[in-house]
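Please find below a note on the structure submitted for comment. The points are numbered so that each may be taken up separately.

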Amino acid sequence: MASAAAVQPDLPFALVEEILLRLDDAADLIRASAACASFRRLISDGCFLRRFRSLHRPPILGILAGTYQCYGGISFYPARPPHISAPAARALARAADLSISSLPGPTHYWRIHDVRDGRVLLSKRGASVIISLFVSESLVVYDPLHRHHVQIPPIPHDLLAAIGHADKWHEFDPFLIPAAAGGKDDLSFQVMCNVLFEHKVEAVLYSSVTEEWRGVASSSITSYKCIQFPCLVERSYARGCFYWVDYIETVMLVLDMREMKFSLIDLPAGSKHRHKTIVEVMEDRIGLLIVGENMLDLYSKTLPGIGAKDWRHDHTIRLSDDYEWSLTGGAVEGYGFLFGTPRYELEVWENSQEDKKEEPPSAHCFTVEFETLQVQELCVLKFDAHPHFLYASLPPPFATPSL
């Protein structure tokens, strides 16, 4: 019997594209890309991916996490049933290198700094952050799906000197710029780094188009405690701005990407000593999620208001008493993210620390849908998984596909 391909005439290319654009599940899109070279070429095309993202929410695929231990490596925790993203997460886990094994050297050498648009920003573990990462070595932007990485050159000495190389600094804070904010095609990308001084913040930007670092923003903010220790801060992106929110502080640092200007915005008085993060809600507003004692409060405000009174309390969501709750930064297309550690397991583990017989409790990750206020479990992480980043969306390739 003749094959179906021999009997049936080929579908018009435009019709194939329209059919693939209407696939609701990202897992089906990944499977289709593996069917043949022409499908892979179409699905990997930047124009197709832009159209697909405009029609569908980015798939929430799971959590990519490092570990507190120095030699723990990197792990992917996929969305699991009954979450709607579970099939897509399974397909991605099979197709992509989410353990970062394709990068040179042992996987435990690599430290995650950020995850965005399906790409991962990493650096090598080891020596001093200042000397090793930004002077003698460099960052890497990695695409786990296409198993390709781009080496980022170190910040030049003359640029470091221009922004105050001799001054006392505390830390570097590198992160990825969202593809939509970069203003370029999907094949390009941008990396930003905040250089934190004692009384100021300097931002430098790397573009894959120019392959150069340049200074883009500066602020002589004297009260910048909201990002004094980036590893303890929730960094979020919403409405064209980056936000740094600290557990202790009631003020957050904001970087407007359109004007490349830093500013400080006051938070509601009830946010002090609470886990909180900025999220996207309505078109003209940003949201603030605050976790209390088994309660999740959602505030919102319009920009550019800067006072604590500009915030409006929108909703309170009751959370289960069975968990000790915290937040993980950021949001994706109407979703926020919570971590819950089972109280009973936590108490048993804390009481057994002297004999160390009990395994540490797991951390359960939940999604919060703002439209319905529904809380649903996404995946379960090991207790020492840190730092942890939401993995959502499929990465565009760094170069035009050759297949």
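The note begins with confidence and overall architecture, and then turns to individual residues and pairs.

1. Confidence. The structure is a predicted model, and its reading should begin with the confidence values. The protein chain has an average pLDDT of 79, and 82% of the residues score at least 70. Among the elements, the lowest mean pLDDT, 37, belongs to helix α1 (residues 4–7), and the highest, 93, to strand β5 (residues 140–143). The pLDDT is below 50 over residues 1–9, a stretch that has one contact in the model beyond near neighbours in sequence. Residues 127–136 also have a pLDDT under 50; for that segment the model has 24 contacts beyond four places in sequence.

2. Overall architecture. Ten helices and 23 strands are assigned in the protein chain. Of its 403 residues, 50% are buried. When contacts between residues at least 6 apart in sequence are considered, 54% of them join residues at least 24 apart.

3. The nonpolar core. The largest nonpolar core has 33 residues, of which Phe48, Leu64, Leu92, Ile112, Leu122 and Tyr391 touch the most other members. Leu92 may serve as an example: leaving aside residues up to four places away in sequence, Leu92 touches Ile30, Leu61, Phe76, Leu98, Leu145, Tyr391 and Leu394. As a general background, nonpolar side chains tend to be buried together in soluble globular proteins.

4. Arg119. Which side chain of opposite charge is nearest to Arg119, and how far away is it? Arg119 belongs to strand β4 (residues 119–124). This arginine is buried and has no salt bridge; the nearest side chain of opposite charge is that of Asp143, 5.4 Å away. The distance exceeds the 4 Å cut-off for a salt bridge, so the pair of Arg119 and Asp143 is not counted as one. A polar atom of the Arg119 side chain does, however, lie 3.2 Å from the backbone oxygen of Ser188.

5. Salt bridges. The structure holds 14 salt bridges. In one of them Glu18 pairs with Arg51, with 3.1 Å between the closest N and O atoms. This pair links distant parts of the chain, since Glu18 is in helix α2 (residues 13–21) and Arg51 in helix α5 (residues 46–55), 33 residues apart. Both partners are partly exposed: Glu18 has a relative accessible area of 26%, and Arg51 has 35% relative accessibility.

6. Two further pairs. Arg116 and Asp114 meet through their side chains in a salt bridge of 4.0 Å, N to O, and Arg116 and Asp114 are both buried. Arg258 forms a salt bridge with Asp256, where the closest N and O atoms are 3.3 Å apart. Are the two partners of this second pair buried or exposed? Arg258 is exposed because its relative accessible area is 59%, over the 50% cut-off. Asp256 is buried because its relative accessible area is 18%, under the 20% cut-off. Elsewhere, Glu17, Glu18, Arg22 and Arg51 are joined into one network by salt bridges that share partners.

7. Ile265. Strand β14 (residues 261–266) includes Ile265, which is buried at a relative accessible area of 3%. Not counting residues up to four places away in sequence, Ile265 touches Thr250, Val251, Met252, Val254, Lys301, Leu303, Gly305 and Ile306. For Thr250, the separation from Ile265 is 15 residues in sequence and 8.7 Å in space, C-alpha to C-alpha.

8. Gly292. In which loop does Gly292 lie? Gly292 is in the loop between β16 (285–291) and β17 (295–302). With a relative accessible area of 19%, Gly292 falls under the 20% cut-off and therefore counts as buried. The C-alpha atoms of Gly292 and Trp325 are 8.1 Å apart, while the two residues are 33 residues apart in sequence.

9. Glu369. The place of Glu369 is in strand β21 (residues 363–369). Glu369 is buried, its relative accessible area being 14%. Apart from residues up to four places away in sequence, Glu369 touches Arg57, Gly334, Tyr335 and Gln374.

Methods. Residues are numbered from 1 along each chain as its sequence is written. This is a predicted model: local features need pLDDT of at least 70, side-chain atom pairs count only at pLDDT 80 or more; totals for chains, interfaces and linings use all residues. Side-chain values use heavy atoms; hydrogens and water are left out. pLDDT is the predictor's confidence in each residue, from 0 to 100. Helices (H or I, at least four residues) and strands (E, at least two) are DSSP runs, numbered from the N terminus. Contact means heavy atoms within 4.5 Å. Buried means under 20% relative accessible area, exposed over 50%, partly exposed in between (1.4 Å probe, protein chains only). Lys and Arg count as positive and Asp and Glu as negative; His and the chain ends are not counted. A polar contact is a pair of N or O atoms within 3.5 Å; within protein, one must be able to donate a hydrogen and the other to accept it, and residues adjacent in sequence count only if both atoms are side-chain atoms. A nonpolar core is a set of buried Ala, Val, Leu, Ile, Met, Phe, Trp, Tyr and Cys residues joined through side-chain atoms within 4.5 Å.
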